[in-house]
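Notebook open, structure loaded. I'm going through the sheets first, then the spaces inside, then a few single residues.

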Amino acid sequence: MPELKHILEYANNVLSVDQYNDYGPNGLQVEGRREIKSILAGVSASQALIDEAVRINADMLLVHHGYFWRGESPVLTGIKRKRIQTLLSHEINLVAYHLPLDAHPELGNNAQLALKLDMQVEQRFDLGGAIGIGYQGQLKTAMDADQFASHLERKLGRKPVYVKGNDKKILSIAWCSGGAQSYFDEVISRGVDAYLTGEASEYNFHSAMENQVNFFSAGHHATERYGVQALAELLVKKFDLTYSFFDQENPI
Ligand SMILES: [Zn+2]
């Protein structure tokens, strides 16, 4: 039976975790069983995801948003105590990959988003000191802002929040999954027609209007569903595991 340490070694290497100075630890976060035959993947290590892992007797949880974020209180109280207690008492491993799973050129959220949304990747760029988490390219079919918003809703199953900066067709686009709305102004200087991310802030509206650049917020959860699934599928093939994905509905 595959051992946890071999799966971790392989995944850490594929994702080049050592290259990232992340907001939380990448790889193993809570240790459980030594041998792994089943993985449950999800976007965030919520209690609902852990409860599902208990229900199906998964050996390992694989997530994009784990625990122990920089700046968060280190004490184990409240929902954090309950989550970790459930993991430990059922010996379920919690494995999390954050920025490396946004940036990876094939498995990452942004690469997977390009496939899902028919966007051609031309280059990756650094954002906020994180290597290659920004993506830039072209829409395979040019669309104006309203058409692209409908396209996002169709493909991601969630209505985007968007600001139409101009009436022109969008061709060049930059994107970064999750909560990357604070990088909008930095991205505008790259000369793209539109920026797509997961969340929105009030000031994004004014930047979009005054710079006449389209801004799209398609959901933090909705834009980060795909990287963890691509990674899980790779691990399943490599180590002959069983796997399922638990998609907890999240409108944000
Ligand atoms: Zn995220």
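**Entry 1: the five-strand sheet**

In what order do the five strands of the open sheet run? I'm working with a predicted model here. Reading across, I get β1-β4-β3-β2-β11, with mixed pairing. Next I looked up the edges: these are β1 (27-30) and β11 (242-245). Each has a single partner strand, so one side of each is left without a neighbour in the sheet. From one strand to the next, the twist averages 30°.

Then I checked what packs on this sheet. Helix α2 (residues 47-56) does, and it touches β2, β3 and β11. I noted the angle too: the direction of α2 makes about 165° with that of β2.

**Entry 2: β3 and its partners**

I went through β3 strand by strand. On one pairing, β2 (residues 38-44) and β3 run parallel, joined by five bridges. For a register mark I wrote down I39, which stands opposite M60 in β3. On another pairing, β3 meets β4 (residues 93-96), again in the parallel sense, over four bridges. The mark I took there is V63, whose bridge partner in β4 is A96.

Is β3 mostly covered or mostly open? Mostly covered: six of the six residues in this strand (60-65) are buried.

**Entry 3: the six-strand sheet**

On to the other open sheet. Its six strands come in the order β5-β6-β8-β9-β10-β7, and the pairing is mixed. At the edges I find β5 (119-127) and β7 (161-163), each pairing on one side only. The twist here averages 20° from one strand to the next.

Inside this sheet I picked out β6 (residues 130-143) and β8 (residues 170-176). They pair in the antiparallel sense, over five bridges. For the register, Q138 stands opposite S172 in β8.

Which helix packs on this sheet? It's α5 (residues 109-116), in touch with β5, β6 and β8. Its direction makes about 150° with that of β8.

**Entry 4: the cavity**

How many cavities of 30 Å³ or more does the structure hold? I count one. The volume of the largest cavity comes out at about 30 Å³. I listed the lining: G24, P25, N26, Q29, G66, Y67, W69, A96, Y97 and H98. A96 is a name I already had, as the β4 bridge partner of V63. Sorted by class, the lining has five nonpolar, five polar and no charged residues.

**Entry 5: the largest pocket**

How much space lies in the largest pocket? About 270 Å³. It is lined by 16 residues, and the closest to its centre are Y23, H98, L99, G179 and H220. H98 also turned up in the lining of the largest cavity. I then asked which elements contribute: β3 and α4 (99-103) each supply at least two residues of the pocket lining. By class I get seven nonpolar, seven polar and two charged residues.

**Entry 6: T86**

Where is T86 found? In helix α3 (residues 78-89). Is it buried or exposed? T86 counts as buried because its relative accessible area is 12%, and the cut-off for buried is under 20%. I also pulled its contacts, leaving out residues up to four places away in sequence: Q47, I50, D51 and V54.

**Entry 7: two positive phi values**

Last, the backbone oddities. S16 has a positive phi of about 50°, and it is not a glycine. I placed S16 in the loop between α1 (4-14) and β1. With 29% relative accessibility, S16 counts as partly exposed.

The other one I noted is D240, also a residue other than glycine, with a positive phi near 55°. D240 sits in the loop between α10 (226-239) and β11. Why does D240 count as exposed? Its relative accessible area is 69%, and exposed means over 50%.

So my loop notes end with S16 partly exposed and D240 exposed.

Definitions and conventions: Residues are numbered from 1 along each chain as its sequence is written. This is a predicted model: local features need pLDDT of at least 70, side-chain atom pairs count only at pLDDT 80 or more; totals for chains, interfaces and linings use all residues. Side-chain values use heavy atoms; hydrogens and water are left out. Two strands pair if DSSP finds at least two bridges between them. Axes are lines fitted to C-alpha atoms, for helices over the stretch in contact, and angles run from 0 to 180 degrees between N-to-C directions. Contact means heavy atoms within 4.5 Å. On a 1 Å grid over the protein atoms alone, a cavity is a set of points where a 1.4 Å probe fits but cannot get out, and a pocket is an open set with protein on both sides within 12 Å along at least five of seven lines; lining residues have an atom within 4 Å of a point. Grid points are joined across faces, edges and corners, and a volume is the space filled by probe spheres set on the points. Ala, Val, Leu, Ile, Met, Phe, Trp, Tyr, Cys and Pro count as nonpolar, Asp, Glu, Lys and Arg as charged, and the others, Gly among them, as polar. Buried means under 20% relative accessible area, exposed over 50%, partly exposed in between (1.4 Å probe, protein chains only).
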